[in-house]
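User: Hello! I am new to this structure and would like a close look at a single part, the open sheet. Could you walk me through how that sheet is put together and what surrounds it?

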Amino acid sequence: MKFRCVCDTVIYDQTDFLPWKATYIADEDKQAMMEELDAAMDMYLQARADPDMHERWHRQVYPVEAGFRDAPRVVLTSVLWDIVGAYERRFYQCETCGRLWLWDGTLLTAFKPEAPETSTTLLASMKPPPAV
Ligand SMILES: [Zn+2]
């Protein structure tokens, strides 16, 4: 995805780790998402204890062609990402004018900062960059 801000800056979303992009989860959805994650991990742990159940779990949550199998941890990670992804929505901040753009999957909605001194890096990582 890419789009043009009102200020004429083009905002790109064509790779990972973008400092002008973040995701959000509605507070009304957070509990349900956490319960789904908990259920998925519980199902995985139960399946790990029983080889037959593990085989069924693998086929149920991650149907793949015969002969191809990922490590169970990789499958679980994929399941967890899918659950989180189903709840996430994206937003972007223009690095030039600071507008926030919320994407709900069908519509971009812009919010203009009231103060000109508003930071234009509000969505950048809170963690310091890794040491080189
Ligand atoms: Zn802008």
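Analyst: Happy to help; the answer starts with the sheet and then turns to its surroundings. What you see is a predicted model, in which local features need pLDDT of at least 70 and side-chain atom pairs count only at pLDDT 80 or more, while totals for chains, interfaces and linings use all residues. Residues are numbered from 1 along each chain as its sequence is written.

Let us begin with the order of the strands. The open sheet has four strands in the order S3-S4-S5-S6, with antiparallel pairing. At the edges are S3 (21-24) and S6, each of which pairs on one side only. On average, neighbouring strands of this sheet are turned by 25° against each other, direction ignored. Some terms help here: strands (E, at least two residues) and helices (H or I, at least four) are DSSP runs, numbered from the N terminus. Two strands pair if DSSP finds at least two bridges between them. Axes are lines fitted to C-alpha atoms, for helices over the stretch in contact, and angles run from 0 to 180 degrees between N-to-C directions.

Now we can cross the sheet strand by strand. S3 and S4 are antiparallel and share four bridges; one link to look for is Lys21, whose bridge partner in S4 is Tyr92. S4 (residues 89-93) is in turn joined by four bridges to S5 (residues 100-103), again running antiparallel. Here Phe91 stands opposite Leu102 in S5. The hairpin of S4 and S5 has six residues between the strands, and Gly98 in that hairpin takes a positive phi near 85°. S5 also pairs with S6 (residues 108-111) in the antiparallel sense, over four bridges. In this pairing, Leu100 stands opposite Phe111 in S6. The hairpin of S5 and S6 has four residues between the strands, and its Gly105 has a positive phi near 105°.

Phi values bring us to the part of the chain before the sheet. Most residues other than glycine have a negative phi, and most peptide bonds are trans. Phe17, in the loop between S2 and S3, has a positive phi of about 65° although it is not a glycine. Phe17 is exposed, because it has 6 other C-beta atoms within 10 Å; a residue is exposed if 12 or fewer other C-beta atoms lie within 10 Å of its own, buried if 20 or more do, and partly exposed in between, with C-beta atoms placed from the backbone. Asp8 sits in the loop between S1 (2-4) and S2 (10-12), and its phi is also positive, near 90°. Asp8 is exposed too, with 9 other C-beta atoms within 10 Å.

Beyond the other end of the sheet, Ser125 lies in the segment after S6. Ser125 is exposed, with 10 other C-beta atoms within 10 Å.

Finally, let us step back to the domains. An automatic or database domain assignment gives domain 1 (1-25 + 89-132) and domain 2 (27-87). The C-alpha centres of the two domains lie 31 Å apart. Elsewhere in the chain, helix H1 (residues 27-48) packs with helix H3 (residues 72-87) at an angle of about 165°, their axes 10 Å apart. H1 and H3 are therefore roughly antiparallel to each other, since angles over 145 degrees count as roughly antiparallel, under 35 as roughly parallel, 65 to 115 as roughly perpendicular and the rest as oblique.
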